[in-house]
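Dear colleague,

I am passing on the structure we discussed, together with some notes on what was found in it. Please read them alongside the sequence and the coordinates.

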Amino acid sequence: MAAPADIHPPSIPLPPPSRPPASNVIDLPRPPRKIDPKLANVWKTKAGRDLTEDELLSMPDSEYMNDKQLEFFRTRLMQQRNDLLDNAGETTEHLREDTSIVPDPADRATIEEEHALELRTRDRERKLLKKISQSIARIEAGDYGFCDETGEPIGLGRLLARPTATLSLEAQQRREMKQKMFGD
């Protein structure tokens, strides 16, 4: 068996690592934030509920969680809540329709498994509804957009991805590492 040094000829040196590997550091890709100069002042003339994500992101950092941003997120959260409530009504209707007696045990098992999956999904949505209500209450209280643990801004990008976030990315990573190390 050849030694590892024999695999690469000495004339071709291996590139040095860009940085030492760290087993406990989570690197998340961060897309470059390009601000369109045309959008820089558009937010001043629009209502918060009418802003687009790009217009929201083009706002200066000094305007973090101003009235327009809060209105944008309140509208987004209320729309998400309404969508979830509509889905819940459809689930109830769907479960009522499928209560017919099916003689084949395999078909009956399939229907029961589909119902269990649908109920599990609705349970997750019920928990999300609670988080949405808490987020709307945080907007009303003036706490929305700031980390529960550190008080630092959570960031628009994170809030756009997860409007119910209560922790900054760094605080969430610390919490997940603690949970991984020590359990719940």
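To begin with a single acidic residue, Glu125 is found in helix α4, and in this predicted model it counts as buried because its relative accessible area is 15%, under the 20% limit. Setting aside residues up to four places away in sequence, Glu125 touches Leu84 and Asn87.

A second glutamate, Glu71, lies in helix α3; with a relative accessibility of 22%, Glu71 counts as partly exposed. Apart from its neighbours within four places in sequence, Glu71 is in contact with Ala47, Gly48 and Arg49. The C-alpha atom of Glu71 is separated by 8.7 Å from that of Ile139, although the two residues are 68 residues apart along the chain.

Turning to the interior, the largest nonpolar core comprises 23 residues, and those with the most contacts inside it are Leu56, Met65, Phe73, Tyr144 and Leu159. Two or more residues of this core come from each of α3 (67-97), α4 (105-141) and α5 (156-161), and α3 gives the most, with five residues.

Tyr144, one of the core residues with the most contacts, may be worth viewing on its own: when residues up to four places away in sequence are not counted, Tyr144 touches Met65, Leu70, Phe73, Leu77, Ser135, Arg138, Ile139, Leu159 and Pro163. Among these partners, Met65, Phe73 and Leu159 are themselves listed with the most contacts inside the core.

With best regards

Notes:
Residues numbered from 1 in each chain as written. Predicted model: local features only at pLDDT ≥ 70, side-chain atom pairs only at ≥ 80, totals over all residues. Heavy atoms only, no water. Core = buried A, V, L, I, M, F, W, Y, C linked by side-chain atoms within 4.5 Å. Buried < 20%, exposed > 50% of the residue type's maximum accessible area, 1.4 Å probe, protein only. Helix = DSSP H or I, 4+ residues; strand = E, 2+ residues; numbered from the N terminus. Contact = heavy atoms within 4.5 Å.
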